[in-house]
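This report describes helix packing, nonpolar cores and annotated spans in one protein chain. The sequence and structure come next.

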Amino acid sequence: MAARGPRPVPIARRGPGLRLRITLLATALVAGVSALLLWLGWLLVGNVVAAVPRLPDGSVVRVHGVDVPASLLGEALRQSAREQVLLIGGGAFVAVVLAAAVLAWTVTGRVLRPLHDVTDSARRLSAESLDERIELSGPRDEVAELADTFDAMLDRLQAAFDSQRRFVANASHELRTPLSVVRTELEVTLSDPDADEQELRRMADVVREATARAERLVEALLLLARTEGVELAVREPVDLTEVVGRALRAVSVEAAQRGIRIDCCDEPAFAVGDPALLERVAGNLLENAVRHNVDGGWVLVNVGSGPRWASLRVASSGEEIDADQVEALFEPFRRAGVQRTARTGAGLGLSIVRAAAAAHGGRVAAEPVAGGGLAVTVELPVAP
């Protein structure tokens, strides 16, 4: 039995185009108005002509070579006038309708020409040609507003595609690094026939560190993908002070080893959101504050609550950061002063913080600290 190919997708019938529909509508309106005027003219002419002076009974009047009794003169004149109106008016009616159709078709084509430009631009679009713009000139009408909206949409699409390309390139680079380390260590060690147990253990430690780094990166990427542009599955009152306390326990050992002082207030502040995700937000902020700090530095954590927003602010000492570089720190795989992340992190901490805050309907702001360091403030909807 012969194999059947894929069934063709039926094409929906869309009817006449917009230009034809506008032309038909304009022509129908002109035809209706012209027919109404022709009928009014026929009616008025007949009534006016019929009002002729009354002649004596028995007299005869010749009309168009025909003798007509005086009593029938008004009716004869009215019929003759109406025939003339229909004959001349009918020809004018056809001419006006044809002229209206041609004019409507021409004018509609000129008016809709910018829409064809928008359509042609949309057909030419691809991931490699997002830099094209319509840039429609002329009067600021509805069509120009549509073209400007389309250009603005292309700007957003181009920015999203560029960000996605950078993200994929950076993620590939970061994942390639631990994999290259693993491969190199395995090849070098296995190619050495005299490798002893100590050498194998050293290789195993290097491989374990590289795989752990790759695992942390993959987990961060998955968390960022689950957080960006999604709705929260859990919304409940969360005490930010308790969240910060749990996050502090995770970094306390590293902070103590480096002599970093952490000060935290203990006043409760309740926000509405996902407890696990908010704990990840606090954990990322504190991990960044400790890892990118200087030995013997400081970290200050403040929580607060207002009429609309509950806030979490983490400020720390560290390297000096220019104000124009702060916004770039929220991009994936960026850290203070350099583009690539450090060996101790994946470079996604602040990206996850911003995505999580947006999922909660909140906002994030950051500013450099005088003398070196960074302060990040997260504002979340306050609990009732």
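## Packing of α6 against α7

In this predicted model, helix α6 meets helix α7 through Leu-277, Val-281, Asn-284, Leu-285 and Asn-288 on the α6 side and Gly-349, Leu-350, Ile-352, Val-353 and Ala-356 on the α7 side. Seven of the residues in this contact are nonpolar and three are polar, with no charged residue taking part.

The axes of α6 and α7 are 9 Å apart and make an angle of about 150°. The crossing of α6 over α7 is left-handed.

## Packing of α5 against α6

Helix α6 also packs on α5, here at an angle of about 35° and with the axes 8 Å apart. This crossing is right-handed. From α5, the contact draws on Leu-240, Val-243, Val-244, Arg-246, Ala-247, Leu-248, Val-251, Glu-254 and Ala-255. From α6, the residues are Leu-278, Glu-279, Ala-282, Gly-283, Leu-286, Glu-287, Val-290 and Arg-291.

By class, the contact of α5 with α6 has eleven nonpolar residues, one polar residue and five charged residues.

## Nonpolar cores

The largest nonpolar core holds 39 residues. The members that touch the most others are Leu-240, Val-244, Leu-285, Leu-286, Leu-312, Val-314 and Val-378. Two or more residues each come from the helices α5 (240-257), α6 (275-291) and α7 (349-359), and from the strands β6 (298-305), β7 (309-316) and β9 (374-381). The largest contribution is that of α6, with eight residues.

Leu-286 illustrates how these elements are joined. Apart from neighbours within four places in sequence, Leu-286 is in contact with Val-244, Ala-247, Leu-248 and Val-251, and also with Val-299, Val-301 and Val-314. Of these partners, Val-244, Ala-247, Leu-248 and Val-251 also appear in the contact that α5 makes with α6. A second core, separate from the one above, has eight residues, among them Val-118, Val-143, Phe-150 and Leu-154.

## Annotated transmembrane regions

An unreviewed UniProt entry carries the annotation "transmembrane region" for residues 20-45 and 85-107. In the model, residues 20-45 are 100% helix and 0% strand, and the C-alpha atoms at the two ends of this span lie 37 Å apart.

Residues 85-107 are likewise 100% helix and 0% strand. For this span, the end C-alpha atoms are 31 Å apart.

Technical notes: Residues numbered from 1 in each chain as written. Predicted model: local features only at pLDDT ≥ 70, side-chain atom pairs only at ≥ 80, totals over all residues. Heavy atoms only, no water. Core = buried A, V, L, I, M, F, W, Y, C linked by side-chain atoms within 4.5 Å. Buried < 20%, exposed > 50% of the residue type's maximum accessible area, 1.4 Å probe, protein only. Helix = DSSP H or I, 4+ residues; strand = E, 2+ residues; numbered from the N terminus. Contact = heavy atoms within 4.5 Å. Axes fitted to C-alpha atoms, helices over the stretch in contact; angles between N-to-C directions. Left-handed = near helix turned anticlockwise from the far one by under 90°. Nonpolar A, V, L, I, M, F, W, Y, C, P; charged D, E, K, R; others polar. UniProt positions renumbered as here; feature names shortened; annotations may be inferred.
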